[in-house]
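Let's take a walk through this structure together. Have a look at it first, and then read on.

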Amino acid sequence: VESAANLRAEIAEAAMTDEKRKSDEFQRQVQVDRSREKGLLKQIEHERNRTEAAEEKEKQARSNLRRAVDQIEAAQSHDENETRQAKLANDALSQAELARRQAQQEAAAATQRAADMKVAMHREEKKDKQLYRKE
């Protein structure tokens, strides 16, 4: 009778130890998932900042473009001596347009990266929810 009670106690203790191990593993997984989510959120914030910077760059390029157009119009209204300035303004216009296009591409790329990270984070959250349900 005493050995049966001891055996039951050992079995109960083993079951509790196993449950404790599962609980600890689950807690570790939760911490890993939180850490991963924090990392993804930081990356998204970084991409958002890059997007904002690229948009600001594009805005500045548009402003430069407007100034270049104004310079061209002013140069065209002057006499032949002003033709040299028109060429310089035209070159500035080309450079401003190129910078605007590059800034626009950077903004689009940064926006796409941020969207991709959001999708990845959503997938991870979905996997985590499925994993937690199984346990």
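What follows is a short tour of two helices and the space between some of their residues.

Keep in mind that this is a predicted model. A good place to start is helix H2, which runs over residues 83–134 and so has 52 residues by count. From its first C-alpha to its last, H2 reaches 76 Å, close to the 76 Å expected at 1.5 Å a residue. Several of its residues are buried, including Ala-107, Ala-110, Met-121 and Asp-128.

Now hop over to helix H1, residues 2–77. Thr-51 has its place in this helix. Thr-51 has a relative accessible area of 9%, so it counts as buried. Look around Thr-51 and, leaving aside residues up to four places away in sequence, you'll find it touching Ala-107, Ala-110 and Thr-111. Ala-107 and Ala-110 are themselves among the buried residues of H2.

Arg-36 is in H1 too, but its relative accessibility is 32%, so Arg-36 is partly exposed. With the same sequence neighbours set aside, Arg-36 touches Gln-29, Glu-124 and Asp-128. Ile-72 is another matter: 36 residues separate it from Arg-36 in sequence, and 53 Å in space, C-alpha to C-alpha.

Finally, is there any enclosed space, and what lines it? A search of the whole structure turns up one cavity of 30 Å³ or more, and the largest has a volume of about 50 Å³. Arg-36 is part of its lining, along with Asp-33, Glu-37, Leu-40, Met-121, Glu-124, Glu-125 and Asp-128. H1 and H2 each supply at least two of the lining residues. By type, the lining has six charged residues, two nonpolar and no polar ones.

Technical notes. Residues numbered from 1 in each chain as written. Predicted model: local features only at pLDDT ≥ 70, side-chain atom pairs only at ≥ 80, totals over all residues. Heavy atoms only, no water. Helix = DSSP H or I, 4+ residues; strand = E, 2+ residues; numbered from the N terminus. Expected span 1.5 Å × (residues − 1). Buried < 20%, exposed > 50% of the residue type's maximum accessible area, 1.4 Å probe, protein only. Contact = heavy atoms within 4.5 Å. 1 Å grid on protein atoms, 1.4 Å probe; cavity = no way out; pocket = protein on both sides within 12 Å on 5 of 7 lines; lining within 4 Å. Points joined across faces, edges and corners; volume = space filled by probe spheres on them. Nonpolar A, V, L, I, M, F, W, Y, C, P; charged D, E, K, R; others polar.
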